[in-house]
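Okay, thanks everyone, let's get started. I'll put the model up and then walk you through a few spots in it.

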Amino acid sequence: MKTKQNIPWELIKIIAYAFTFAFIIKLFIFSPFIVEGASMQPTLHNEDHLFVNKVALHISDVERGDVIIIKKENDPKYYVKRVVGLTGDKVEIKDGILNVNGVPIKEDYLDKDLKAEYKKYLQYNRVTVPKNSYFVMGDNRLNSKDSRNGLDYIENSEIVGKAQIIYYPFKRLKFIE
């Protein structure tokens, strides 16, 4: 039989279990993330709140097109970028068109209004992605620090997780593609 003295102790235990469970989920499974800046527009906007799936890295490979969260070792910032090149891929941009292994990549996620600007300004000489690395770019190609200009190639150990869901603002609630 529960007494009035046992009820506070039971409540404390329930709260402790809840916090422990939430901590484990955040540490190993899902983590919230807030987008800073416009480098991933139109896919992600400044101050979009995301759920990042950390487990996905252990149960599936990183694939071309995945939106990932990156943490470089000596950089305090986190970055959100799209994987466009995998190990061994030959990546180049000609007249604003991303080519991987000589094949133009259809990128429906890019801003259609900026495609003319991309044709005019985006050029990038062919590179080969090193072993165990990825080539990443922001969807807002003219306003993105990425593998072309400062982030370099991304190694597996630098990937925090895959961005999966925009959960806030509520009007933008959706799975990330």
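So, how many aromatic pairs does the count come to? It comes to five. Keep in mind as we go that this is a predicted model.

Let me take one of those pairs, Tyr168 and Phe170. Their ring centres are 5.2 Å apart and the planes sit at 90°, so this one is edge-to-face; anything over 60 degrees goes in that class. How buried or exposed are the two partners? Tyr168 is partly exposed, at 39% relative accessible area, while Phe170 is exposed, at 64%.

Elsewhere, ring pairs tie Tyr124, Phe135 and Tyr153 together into a cluster.

While we're on rings, have a look at the charges sitting over them. Lys71 is over the face of Tyr78, 5.7 Å from the ring centre. Then there's Arg82, which lies over the face of Tyr109 at 3.6 Å from the ring centre. Hang on to Arg82, please, since that name comes back in a minute.

Now over to the strands. Why do I call strand 2, residues 49–53, largely enclosed by the rest of the structure? Because four of its five residues are buried. Who are its partners? Strand 1, residues 30–34, pairs with strand 2 in the antiparallel sense, over five bridges. If you want a spot to click on there, Ile34 stands opposite His49 of strand 2. Strand 2 is also joined by five bridges to strand 11, residues 159–168, and those two run antiparallel as well. The spot to click on for that pairing is Val52, whose bridge partner in strand 11 is Ala163. And strand 11 ends at 168, which takes us back to Tyr168 from the edge-to-face pair.

Last stop, Asp66. Where does Asp66 lie? You'll find it in the loop between helix 2, 56–59, and strand 3, 67–71. Loop or not, Asp66 counts as buried, with 16% relative accessibility; the cut-off for that is under 20%.

What does the Asp66 side chain reach? The backbone nitrogen of Glu63, at 2.8 Å. And if you set aside the neighbours within four places in sequence, Asp66 is in contact with Asp61, Lys81, Arg82, Val83 and Lys162. So there's Arg82 again: in contact with Asp66, and lying over the face of Tyr109. Lys162 on that list falls within the residue range of strand 11, 159–168.

Right, that's my tour. Happy to rotate things if anyone wants another look.

How values were computed
Residues are numbered from 1 along each chain as its sequence is written. This is a predicted model: local features need pLDDT of at least 70, side-chain atom pairs count only at pLDDT 80 or more; totals for chains, interfaces and linings use all residues. Side-chain values use heavy atoms; hydrogens and water are left out. Rings of Phe, Tyr and Trp (its six-membered ring) pair if their centres lie within 6.5 Å; planes under 30 degrees apart count as stacked, over 60 as edge-to-face and the rest as tilted. Buried means under 20% relative accessible area, exposed over 50%, partly exposed in between (1.4 Å probe, protein chains only). A charge sits over a ring if NZ of Lys or CZ of Arg is within 6 Å of the ring centre and within 35 degrees of the ring normal. Two strands pair if DSSP finds at least two bridges between them. A polar contact is a pair of N or O atoms within 3.5 Å; within protein, one must be able to donate a hydrogen and the other to accept it, and residues adjacent in sequence count only if both atoms are side-chain atoms. Contact means heavy atoms within 4.5 Å.
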